[in-house]
Amino acid sequence: MAKNKIPYFLTAAVLVIGLTISCQSKGGSGNEASVAVLTQLLQGSGSGTTSNCRNFLPQESGNIYVADQIVSAPANSGIGFKDSYCSANGVRGLDLFDGSLDVYTLDPSGIGALLILGWSGKKVLPGAGIDFMVYENPFFIGVQNNTNSFHSVYLEPIVVEVGNDLANWCGWNPMYANSNPSVFSNDPSVWTRFAGITPFVYNQESNPMTVSAVYNSDVVHGGGGGDGFDLADTNFGTTGSGCTGSLKTDLQTNGFLYIKLVPAITALPSLPIPAGNGTPDIDGVIAKNLSP
Ligand SMILES: [Ca+2]
Ligand SMILES: [Ca+2]
Ligand SMILES: [Ca+2]
């Protein structure tokens, strides 16, 4: 997390206002948890101390299964944005122009440039359309008014792969298609099949959304946002260390146990460095269908 790390006092002020409204609207239920958050905020817990994300648990319902198992998080220190719990506690988007703070920040290189999550022994099963969503904390930084479309995102791309044995992985052949590939672009349309690209408003408590909206990346037109992946995508199984034809077929037929997230600048060193430092901040991963 670099540029999008909002000054702590500002974050606290916004959250205090939000939580105050939340407390007033909810009545009795939930006030204890909110008060705990408020107390922690006022005592000064930002990055550097216990993360605020420790106050939240994954929220699961039909077709929304949080990757709540941290298999490998070598950058974890348990403190602030280096607390890997924040990547497995559910998803908490803010709005189109603010990145989530419920996140775990990967290292830019070395062993800490890796996060592997699972679903506690259950497999993510293939189904129709998108099979799972990845949430980093990108946010829009500009609107092109003449077309009323969104063209600039503060983004930190991630290479996504899945597997069953923590040794062999299959991915989606991520492509960077800027006209000048040696120059970084914050136009999300030139980043294909990466995670960390699409802003999201989906929030498990304050904006739970319908299942169809959650698995809709089009955050400008009613979707929850985030980056979706489909095992049936024709690009799946064309990249990944150890991705044989038989592994690809197995993953597409029987699903997968683990998801591996690596900063794009680490996995693909020829890519240009993003405007920040390119170290992704992982909010969470959810899957649509899970084995019994
Ligand atoms: Ca699918
Ligand atoms: Ca980020
Ligand atoms: Ca989270």
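Is G129 buried, partly exposed or exposed? I looked this up first in what is a predicted model, and I noted a relative accessibility of 38% for G129, so the residue counts as partly exposed, given that the middle class lies between the cut-offs of 20% and 50%.

**Entry on the calcium ion**

I turned next to the ion that G129 helps to hold, and I listed the donors of the calcium ion (ligand 1) as G127 (O), G129 (O), D131 (OD), D131 (OD) and D230 (OD), with distances of 2.3 to 2.6 Å. Written along the sequence, the spacing of these donor residues reads G-x1-G-x1-D-x98-D. I then placed two of them on the chain: G129 sits in the loop between β4 (115-118) and β5 (132-135), while D230 sits in the loop between β12 (227-229) and α4 (245-254), so that, at 101 residues apart, the pair links distant parts of the chain.

**Entry on the open sheet**

Since β5 and β12 had both come up, I traced the sheet that contains them, and I found four strands in the order β1-β15-β5-β12, forming an open sheet with antiparallel pairing. Its edges are β1 (65-66) and β12, each of which pairs on one side only. For the inner pairing I recorded that β5 runs antiparallel to strand β15 (residues 284-287) and is joined to that strand by four bridges; within β15, A287 is the residue that stands opposite F132.

**Entry on the second largest pocket**

I came back to β12 when I examined the second largest pocket, which holds about 350 Å³ of space. Its lining comprises 24 residues, and those closest to the pocket centre are P188, I197, T198, S217 and D227. I asked myself which strand gives the most to this lining, and the strand is β12, with three residues; at least two residues each come from β7 (149-154), β11 (191-192) and β12. Sorting the lining by class, I entered eleven nonpolar, eight polar and five charged residues.

**Entry on E161**

My last look-up was E161, which I located in strand β8 (residues 158-163). Because its relative accessibility is 12%, E161 counts as buried, the cut-off for that class being under 20%. Leaving aside residues up to four places away in sequence, I wrote down the contacts of E161 as W169, C170, G171, W172, G240, S241, Y258, I259 and K260. I closed the page by setting two of my results side by side: G129 is partly exposed, whereas E161 is buried.

Technical notes:
Residues are numbered from 1 along each chain as its sequence is written. Chains are lettered from A and ligands numbered from 1 in the order in which they are written. This is a predicted model: local features need pLDDT of at least 70, side-chain atom pairs count only at pLDDT 80 or more; totals for chains, interfaces and linings use all residues. Side-chain values use heavy atoms; hydrogens and water are left out. Donors are N, O and S atoms within 2.8 Å of the metal (3.2 Å for Na, K and Ca); water is not among the atoms, so sites may look incomplete. Buried means under 20% relative accessible area, exposed over 50%, partly exposed in between (1.4 Å probe, protein chains only). Two strands pair if DSSP finds at least two bridges between them. On a 1 Å grid over the protein atoms alone, a cavity is a set of points where a 1.4 Å probe fits but cannot get out, and a pocket is an open set with protein on both sides within 12 Å along at least five of seven lines; lining residues have an atom within 4 Å of a point. Grid points are joined across faces, edges and corners, and a volume is the space filled by probe spheres set on the points. Ala, Val, Leu, Ile, Met, Phe, Trp, Tyr, Cys and Pro count as nonpolar, Asp, Glu, Lys and Arg as charged, and the others, Gly among them, as polar. Contact means heavy atoms within 4.5 Å.
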